[in-house]
Amino acid sequence: MVTPVPSSSPSQTMADEAGGLCHVFIRDLILACSIGAHRHERDSAQRVRINMDLAVMETPRQLDDRLDNVFSYEHLADGARALAAAGHINLVETFAQRLADLCLADHRVRRARIRVEKLDVYADAAAVGVEIERANPRTPG
């Protein structure tokens, strides 16, 4: 179980040179997802928009322009797609937590801020959803 970070926490900075943190993110990933607590939402997939912002410990070694020397956002995108395709989810909060768990499974990730938005719920609203922030309990700060 991950512990929520209070919104007034000074550690909300995602990138921090002194702390050795970089900011890894995915913006506006649109996926089809079977999501919703209402019966009519089980009949067909809905569009969801996902944003993930991570504070990631930078590697102490040289980058050498090699993918294996950095935290890969490709892993996040593939994981989000797999979670969306895995079956029906009742709550956007559940989906957001699963995404946070995916992110925090890597020990280099210190914090994850996840936003999940359902795009087609109300004709007069661009989106509805939730944003959560979680800290990795296995790592300091």
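## Salt bridges, core and cysteines in a predicted model

Being 3 residues apart in helix α1, D78 and R81 are separated by about one helical turn. The structure is a predicted model. D78 and R81 form a salt bridge, with their closest N and O atoms 3.2 Å apart. D78 is partly exposed at 42% relative accessible area, and R81 is partly exposed at 40%.

**Salt bridges**

The whole structure contains 9 salt bridges. Three of these pairs are set out below.

| Pair | N to O distance | Citation of place |
|---|---|---|
| D78 and R81 | 3.2 Å | helix α1 |
| D28 and R49 | 3.9 Å | strands β2 and β3 |
| E131 and R115 | 3.0 Å | strands β5 and β4 |

The pair of E131 and R115 links distant parts of the chain, with their positions 16 residues apart in strands β5 and β4. E131 has a relative accessible area of 42% and is partly exposed; R115 is also partly exposed, at 34%. Salt bridges with shared partners join D28, R49 and E117 into one network.

The pair of D28 and R49 likewise links distant parts of the chain, the two residues being 21 apart in sequence. D28 lies in strand β2 and has a positive phi of about 55°, although it is not a glycine. With a relative accessible area of 45%, D28 counts as partly exposed.

**Nonpolar core**

The largest nonpolar core has 30 residues, and those with the most contacts inside it are I50, M52, L54, F95, L99 and I114. Two or more residues each come from β2 (21–33), β3 (46–57), α1 (73–85), α2 (92–104), β4 (109–118) and β5 (128–135). Helix α2 gives the largest share, 7 residues. In soluble globular proteins, nonpolar side chains tend to be buried together.

Leaving aside residues up to four places away in sequence, I50 touches I26, R27, D28, L29, L31, A80, F95, L99 and R115. This list includes D28 and R115, which take part in the salt bridges with R49 and E131 respectively.

**The loop between β2 and β3**

A45 is in the loop between β2 and β3. Beyond residues up to four places away in sequence, A45 touches A32, C33 and S34. The C-alpha atoms of A45 and A84 are 9.6 Å apart, with the two residues 39 apart in sequence.

**Cysteines**

The search of the whole structure finds 0 disulfides. C22 is partly exposed, with a relative accessible area of 23%, whereas C103 is buried at 0%.

Technical notes:
Residues are numbered from 1 along each chain as its sequence is written. This is a predicted model: local features need pLDDT of at least 70, side-chain atom pairs count only at pLDDT 80 or more; totals for chains, interfaces and linings use all residues. Side-chain values use heavy atoms; hydrogens and water are left out. A disulfide is a pair of cysteine sulfur atoms within 2.5 Å. Buried means under 20% relative accessible area, exposed over 50%, partly exposed in between (1.4 Å probe, protein chains only). A nonpolar core is a set of buried Ala, Val, Leu, Ile, Met, Phe, Trp, Tyr and Cys residues joined through side-chain atoms within 4.5 Å. Helices (H or I, at least four residues) and strands (E, at least two) are DSSP runs, numbered from the N terminus. Contact means heavy atoms within 4.5 Å. A salt bridge is a side-chain nitrogen of Lys or Arg within 4 Å of a carboxyl oxygen of Asp or Glu.
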